[in-house]
Amino acid sequence: GKNRTFQNLQENPKAAFIVMEAGVSPVEWQGARIYLEATGIETQGELLDRIKGMIAQAVGEAAAKMIHAAIRFNVTEVRPLIDPLEG
């Protein structure tokens, strides 16, 4: 959407994404911290149209209309969700 996250990425292309699967206790959680850098922001064009079309088919036209941009990222680093070396 056209929101604070989008505005921030226009000013600073670095981002982070966390993927996790909860376990019985935090020590058993699995996942990764994915560090990214935006390489392109498209607010019109074929890529954005394709993404909106896929979203419309999967969850409906209203959801597709909420999408404002397609953003391409390079993965710069992948780290464990819980890193025993940090501390």
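The following exercises concern a predicted model of a protein chain.

**Exercise 1.** Determine how many helices and strands the protein chain has, and in what order they run.

*Solution.* The protein chain contains three helices and three strands. Read from the N terminus, its elements follow the pattern α-β-β-α-α-β.

**Exercise 2.** Work out the order of the strands in the sheet, and explain why strand 1 and strand 3 each have one side without a neighbour.

*Solution.* The three strands make an open sheet in the order 1-2-3, with antiparallel pairing. Strand 1 (14–21) and strand 3 (70–80) are at the edges and have a single partner strand each, so one side of each lacks a neighbour in the sheet. From one strand to the next, the twist averages 30 degrees.

**Exercise 3.** Describe how strand 2 is joined to strand 3, and which helix packs on the sheet.

*Solution.* Strand 2 (residues 30–42) and strand 3 run antiparallel and are joined by ten bridges. Ile34 is placed opposite Val78 of strand 3. Helix 2 (residues 46–59) packs on the sheet, where it touches strand 2 and strand 3. The direction of helix 2 makes about 75 degrees with that of strand 3.

**Exercise 4.** Decide whether Arg33 is buried or exposed, and identify where a polar atom of its side chain lies 3.0 Å from a backbone oxygen.

*Solution.* Arg33 belongs to strand 2. Its relative accessible area is 14%, and buried means under 20%; Arg33 is therefore buried. A polar atom of the Arg33 side chain lies 3.0 Å from the backbone oxygen of Pro80.

Conventions. Residues are numbered from 1 along each chain as its sequence is written. This is a predicted model: local features need pLDDT of at least 70, side-chain atom pairs count only at pLDDT 80 or more; totals for chains, interfaces and linings use all residues. Side-chain values use heavy atoms; hydrogens and water are left out. Two strands pair if DSSP finds at least two bridges between them. Helices (H or I, at least four residues) and strands (E, at least two) are DSSP runs, numbered from the N terminus. Axes are lines fitted to C-alpha atoms, for helices over the stretch in contact, and angles run from 0 to 180 degrees between N-to-C directions. Contact means heavy atoms within 4.5 Å. Buried means under 20% relative accessible area, exposed over 50%, partly exposed in between (1.4 Å probe, protein chains only). A polar contact is a pair of N or O atoms within 3.5 Å; within protein, one must be able to donate a hydrogen and the other to accept it, and residues adjacent in sequence count only if both atoms are side-chain atoms.
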